[in-house]
Amino acid sequence: MADLPAAKRIKLDVSAEESPAGSPTATTVTNEAANNGGAVPIPGEVDVGIYAYVNDSVPAYTGTIKHRTEDFLVHEVDLAGNIVHLKSRVVPEVVNAESKSEQAEPGEPLETFYTKLAELESPDFVEQFKAMVETKNEAGIELVTKSIADKADRTVLHKGIKQHFSDFLATDSKLGADGACIVFRTAREGDGQPRVSKKGKQPRGKRAGEPNWNEVGNYCEFTLYKENKDSMEAVALIAKMIKTQTKTFTFAGTKDKRAITVQRVSAYRTTMNALAGLNRILRGIQIGDFEYKKKRLELGSLSGNHFVITLRDVQAPSEEVIHTSLESLRDNGFINYYGMQRFGSRSILTHTVGIEMLNGRFDQAVDLVMRPKDEERTDFNDARKHWQEHKDPKKALEIFPRQCHAERAILQYFVKTGRTNDYQGAMMAIARNMRLMYVHAYQSYVWNTVASERVKLYPLHPVIGDLVDVSNTSDSQADSDDVEMTDDAEKGEKGEKSDINASIVLIESEEQAKMYTMDQVVLPLPGYAVRYPKHRVGEVYGKVMARDGLDPNDMERKQKSAHLKGSYRKVIAKPTSVDWKLFRYNDAHIPLSQTDLDREKDKPAPESIPDGKHLAIVLELTLKQSQYATMALREAMKMSTAQAMHMERANRSDKGRVVKAEGKVEEKEGDGGDRKRKAENEAGGDGVEDGQSEKKVKMDFGE
């Protein structure tokens with residue numbers, strides 16, 4: 001098996017004879033990481049197991065991603081396969097039940113009320129009631145009926161009072177001997193208003209302007225269009241503006257921040273008018289396409305995402321190379337890697353914390369979270385260094401910026417408990433989703449490494465020893481762990497009994513292998529409930545995890561956050577609806593694609609300039625859940641997606657490179673410092689970063 005890159009750059013001791021050609025060595029990892037001018041090593045793709053391609057015969061080329069926010073458009077694809085677009089911001093009148101519900105229901109005549117009252121009570125009682133009506137109950141007396149067993153009878157009396165006498169009379173119910181009794185009394189201030197729950201927050205009844213929720217459904221579903229904001233940030237802003245809680249809103253999945261994205265969101269008992277009114281005051285957010293629904297959107301209730309990606313300043317050997325690479329991506333797909341954003345953008349990768357947690361070394365896990373990271377902002381690192389030198393949690397808590405959520409959670413635990421040596425308790429104080437991110441990142445790291453070896457060791461078709469998913473679902477069960485990051489220990493007994501292997505088949509013969517396609521081949525994310533391949537790739541799991549002190553066959557833990565069931569993920573991802581255009585342009589700042597708002601305003605579509613100085617690619621493709629657009633671009637362009645490379649290329653672009661017709665590069669004068677700083681601040685996990693020449697790519701990936 002291969003000489004694989006270790007999580008901590010510890011070279012795995014295997015013989016050269018068993019290493020497949022092209023697998024990166026520990027030296028290769030250091031070469032890529034050291035491309036930071038000898039300063040703090042910036043992790044590269046091979047550090048997280050990414051070092052193979054489906055088709056490595058196409059030459060490499062480069063381009064700049066996310067030069068403008070409009071260069072990365074993401075549209076959610078719903079469960080029916082429809083691409084979500086913002087079409088209308090007008091509240092539909094047909095569906096608007098707010099006015100409909102305000103109309104008075106046709107009531108029963110007064111005679112019906114008195115007839116029913118006479119059926120249920122004595123003549124004396126009826127006369128006493130009429131006296132209350134004549135005096136408008138100035139005496140403030142109460143009349144209580146005898147027990148009325150039939151609810152329909154009680155309803156007639158309640159509605160009769162509300163319809164005919166509500167300006168001075170009201171009703172209550174009280175328990176009698178043989179059923180409920182009705183109390184007729186003087187109306188008080190507040191009668192007819194919505195009843196309030198015990199917590200005093202959520203009104204149970206109908207507020208002014210609300211629809212009849214039972215009729216239209218409890219959820220207002222709408223399309224959210226946002227620019228340069230992540231999904232939670234946008235929802236939190238909307239919630240603040242209409243004075244409600246963020247938990248009122250649900251959506252199928254989070255979308256990139258550094259992009260323009262469109263997705264569906266549902267809001268519990270929130271009116272269309274309340275939401276539509278925000279369009280006048282929100283910046284970078286627009287909402288529309290309102291519908292009332294009976295059910296809310298759940299996390300994972302989407303089939304994927306449609307991307308429109310603009311790559312600027314493309315440097316390629318020829319346009320033919322670009323077309324060939326994108327045809328290969330369309331026809332053959334790409335390795336279904338977890339992208340760099342899964343592992344963070346710092347010198348200390350997320351999965352290394354997971355290694356310490358899985359080994360029970362919580363002191364080391366805390367140290368990795370708190371340790372100084374030289375590539376961070378100065379105020380972040382000042383706080384980290386203060387903690388490292390003084391170990392004073394109270395003082396450190398005052399210094400750490402509020403954006404340091406994990407670090408502050410650890411410090412707050414130390415301050416609150418006084419147990420500064422309880423490292424496990426401190427890690428458990430971190431928000432659950434963030435805490436689980438560390439161990440799931442380690443699973444992803446192992447999966448990436450093993451997937452690279454599967455592609456290196458065997459052909460791209462099923463072979464004996466492979467595992468295949470024979471279910472009819474659109475994708476492997478593997479992606480379920482990305483829908484909701486849950487540890488099975490918290491699911492209880494029911495979760496323990498679920499069989500994730502029900503649709504997984506081991507190929508045991510050549511004849512059986514011919515029954516399946518490469519699209520069905522899966523690899524497990526390590527856990528206590530999964531099966532492993534029965535060929536050389538199965539051995540890779542043991543060797544990769546052994547150097548981290550772990551065993552793929554011993555994944556049960558008492559500690560919940562480290563108790564991982566495992567899952568399966570398809571090796572090859574095939575995009576659909578793939579299309580592309582080549583653009584020539586002169587102005588680096590003009591938009592090269594259309595947003596939904598551009599179409600609404602009838603802005604003309606961008607056109608290529610025949611003799612333009614620069615070349616761009618506008619690529620469209622649809623990916624399923626848990627598939628990374630950055631990994632699709634990597635396959636097509638053979639370029640690194642590591643953040644450090646993005647910064648390096650952004651720096652070069654700031655100098656004003658102009659590509660001449662003969663392919664030479666010259667530098668334009670001008671200070672790109674501001675743009676460089678912006679790129680450094682904004683470059684995040686959702687970006688695609690490059691900056692390697694073809695030669696550098698070959699060195700990194702051993703081609």
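Q: In this predicted model, what makes the four strands β13-β12-β14-β15 an open sheet, and which strands are its edges?
A: The four strands lie in the order β13-β12-β14-β15 with antiparallel pairing, and they form an open sheet. Its edge strands are β13 (504-506) and β15 (567-570), each of which pairs on one side only. Neighbouring strands of this sheet are turned by 50° against each other on average, direction ignored. Helix α16 (residues 432-457) packs on the sheet, where it touches β14 and β15, and its direction makes about 145° with that of β14.

Q: How do you know that β12 and β14 count as paired strands?
A: Pairing requires at least two bridges between the strands. Two bridges join β12 (residues 467-469) to β14 (residues 521-525), so the requirement is met, and the two strands run antiparallel. In one of the pairs of bridge partners, Val468 is matched by Val521 in β14.

Q: Why is Val216 called buried?
A: The relative accessible area of Val216 is 13%, and buried means under 20%, so Val216 is buried. Val216 has its place in helix α6 (residues 213-216). The C-alpha atoms of Val216 and Lys294 are separated by 7.1 Å, although these residues are 78 residues apart along the chain.

Q: How do you know on which side of helix α7 its buried residues lie?
A: The buried residues of α7 (residues 231-241) are Ser231, Ala234, Val235, Ile238 and Ala239. Because they cover an arc of only 135° around the axis, they are on the same side of α7. An α-helix has 3.6 residues a turn, so residues three or four places apart point the same way. The buried residues of α7 pack against β6 (219-227), β7 (249-251), β8 (260-268), α8 (272-276) and β9 (285-293).

Q: What makes the approach of Asp230 to Met232 at the start of α7 a polar contact?
A: A side-chain oxygen of Asp230 reaches to within 3.3 Å of the backbone nitrogen of Met232, and the cut-off for such a pair of N or O atoms is 3.5 Å, so the pair lies within that limit. Just after α7, Lys243 takes a positive phi of about 60°.

Q: How is the packing of α3 and α4 described, and what kinds of residue make the contact?
A: Helix α3 (residues 110-120) and helix α4 (residues 123-134) pack at an angle of about 140°, with their axes 9 Å apart. Phe113, Tyr114, Leu117 and Ala118 in α3 meet Phe125, Val126, Phe129, Lys130 and Val133 in α4. The residues of this contact divide into eight nonpolar, no polar and one charged.

Terms used. Residues are numbered from 1 along each chain as its sequence is written. This is a predicted model: local features need pLDDT of at least 70, side-chain atom pairs count only at pLDDT 80 or more; totals for chains, interfaces and linings use all residues. Side-chain values use heavy atoms; hydrogens and water are left out. Buried means under 20% relative accessible area, exposed over 50%, partly exposed in between (1.4 Å probe, protein chains only). The arc is that of the directions from the helix axis to the C-beta atoms. Contact means heavy atoms within 4.5 Å. A polar contact is a pair of N or O atoms within 3.5 Å; within protein, one must be able to donate a hydrogen and the other to accept it, and residues adjacent in sequence count only if both atoms are side-chain atoms. Axes are lines fitted to C-alpha atoms, for helices over the stretch in contact, and angles run from 0 to 180 degrees between N-to-C directions. Ala, Val, Leu, Ile, Met, Phe, Trp, Tyr, Cys and Pro count as nonpolar, Asp, Glu, Lys and Arg as charged, and the others, Gly among them, as polar.
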